[in-house]
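Student: Could you take me closely through one part of this model, a loop residue with an unusual backbone angle, and then set that part in the context of the rest of the chain? I would like one connected account.

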Amino acid sequence: MRRGIAALAAVVAGLAAAQASARPLPLSILHSVPWLRPPTVFAAGNVPDPEAGDILADAQNSVQAGPIILSPSGQLLWFDALPNRRFAHDVKVQSYQGQTVLTYWDSYGGGVDVILNHSYQQMATVSAGNGFTTGNHEFEITPQGTALINAYRIIPANLRPVGGPRRGKLIDQAIQEVDIATGQVLWQWNALDHIRLTATYAGKPGAKPYDYLHMNSIQQLPNGNLLASARHTWAVYEISKQTGRILWTLGGKRSTFRIGRRARFEWQHDARMQADGTITVFDNGDGPYATESQSRALRIRLNYTQRLATLARAYTHRPPLLSQSEGAMQVLSDGNTFVGWGATPYFTEFGPGGKQLFDAHFGPPLQSYRGFRFPW
């Protein structure tokens, strides 16, 4: 049984008296579990929709790192301190084998995706195949019982088109669909076959393997195609699952759509198509170099006839935040929007009109790859 689970009952009991206390919450010392050091959580505002679910995140750059679950008001519910300086990314609730499960990426052994049941017992793990390493950015379970993951490997490459050496090293990135039960790679899409090296904004290569693409989100669409975000090309792509061809590109140097005022994004994360056809994206505005003064969560409307992308809504934090990496945006069932600000570890809920309703954050130097709300 996992260490975080062994401590769960004691954690909940030790915090029962703190549920009504003033905030910030002193969660870093638990007398009932003295070895556990969860991060301190600061919260402000009123929770407008407690039934929308708990807050799921990950704690990085901490004495103890790992997946974490907070109540809707920011109280600690569960924390798994991963051993041996491991850390987690992309903590969320998904469906697998007819039940809801907790999933995340674990840095163990270079990277593995993990599925836990409601008793926090491991049901399965998923790893990349074909000589690739499991990426830390996306793990989406499909209704077919497969997993869509990002994967990468280091390959020799001619980097002269981007100002690098002829005999350089490149991070070769792929999307893999893996059968969870068997571990077999069922389908693979190699980015280099479809996205030019010169599409990057990553700058001149240095001593490290060149990360020209930095794919960081994958979503299976209702039509079976995939929506993928590439941070270093400032672009979102719809990819045909049948042919592998890119059907359209939003953003970047070769955008299919003209981008309307204030709808542009750079160094983005977590692109999703919503039920109404709009695209939501966390616009970092910062990365290897800053392009904006603050990060934004955007909802973008696409006009396929006119090939025009316009801003439907932008959500910004008060006071302004600029997040150099990571981040997520989630549209909740009641119309509110939940934003995880990534490397600047804030979690904010906005009303449909854009009003900031609730805000929580970890203390420095922590950060959290994504923040979501799910019933659990």
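Tutor: Let us begin with E326, which counts as buried because its relative accessibility is 7%, under the 20% cut-off. The model is a predicted one, and each value that follows is computed from it. E326 belongs to the loop between β21 and β22, and its phi is positive, at about 65 degrees, although the residue is not a glycine. Most residues other than glycine have a negative phi, and most peptide bonds are trans.

The loop that carries E326 has another backbone feature, since P319 also lies between β21 (308-315) and β22, and the peptide bond leading from R318 into P319 is cis, with omega near -5 degrees. A cis bond is also found from P364 to P365, where omega is near 5 degrees; P365 is placed in the loop between β25 (356-362) and β26 (372-374).

A useful counterpart to E326 is N84, which is not a glycine either and has a positive phi of about 60 degrees. N84 sits in the loop between β4 (76-79) and β5 (88-96), and at 70% relative accessibility it counts as exposed, whereas E326, at 7%, counts as buried.

If we follow the chain from the E326 loop into β22, we come to a hairpin. Strand β22, residues 328-331, pairs with strand β23, residues 337-340, in the antiparallel sense over 4 bridges, and in this pairing V331 stands opposite T337 of β23. The two strands of the hairpin have 5 residues between them, and G335, in the turn, has a positive phi of about 95 degrees.

Beyond β23 we reach W341, and with it the aromatic residues. There are 13 aromatic pairs in the structure. In one of them, the rings of Y201 and W234 have centres 3.7 Å apart and planes at 5 degrees, so this pair is stacked. Because Y201 lies in the loop between β12 (185-190) and β13 (215-220), and W234 in the loop between β14 (226-230) and β15 (235-239), their pairing ties together parts that are 33 residues apart in sequence. Y201 and W234 are both buried. W341 itself pairs with F282: the ring centres are 5.6 Å apart and the planes stand at 75 degrees, so this pair is edge-to-face. F282 is in strand β19 (residues 279-283) and W341 in the loop between β23 and β24 (346-350), so here the parts tied together are 59 residues apart in sequence. F282 and W341 are likewise buried.

Y201 and W234 also belong to a cluster, linked by ring pairs, that includes W267 and Y289. A charge adds to the surroundings of Y201, for the charged end of K253 sits over its ring, 5.0 Å from the centre; in a similar arrangement, the charged end of K241 sits over the ring of W187, 5.1 Å from the centre.

Both ring pairs can be connected through Q268, a residue of the loop between β17 and β18 (269-273), since W234 and F282 are among the residues that it touches when those up to four places away in sequence are not counted. Q268 has 0% relative accessibility and therefore counts as buried, and its side chain reaches the backbone oxygen of A235 at 3.0 Å.

T256 offers another setting: it is placed in the loop between β16 (246-251) and β17 (258-259) and, at 22% relative accessibility, counts as partly exposed. Leaving aside neighbours within four places in sequence, T256 contacts W248, T249 and R307, and its C-alpha is 6.7 Å from that of R307, although 51 residues separate the two in sequence.

As for the whole protein, it has 2 helices and 26 strands, and 59% of its 376 residues are buried. Its radius of gyration is 20 Å, which agrees with the value near 21 Å for a compact globule of 376 residues, and its C-alpha atoms fill a box of roughly 60 × 45 × 40 Å along the principal axes. Among contacts with a separation of 6 or more, 51% are between residues 24 or more positions apart.

Notes. Residues numbered from 1 in each chain as written. Predicted model: local features only at pLDDT ≥ 70, side-chain atom pairs only at ≥ 80, totals over all residues. Heavy atoms only, no water. Buried < 20%, exposed > 50% of the residue type's maximum accessible area, 1.4 Å probe, protein only. Contact = heavy atoms within 4.5 Å. Pairing = 2+ DSSP bridges. Phe/Tyr/Trp six-rings, centres within 6.5 Å; stacked < 30°, edge-to-face > 60°. Lys NZ or Arg CZ within 6 Å of the ring centre and 35° of its normal. Polar contact = N/O pair within 3.5 Å; in protein donor to acceptor, adjacent residues only side chain to side chain. Rg over C-alpha atoms; globule rule 2.2 N^0.38 Å.
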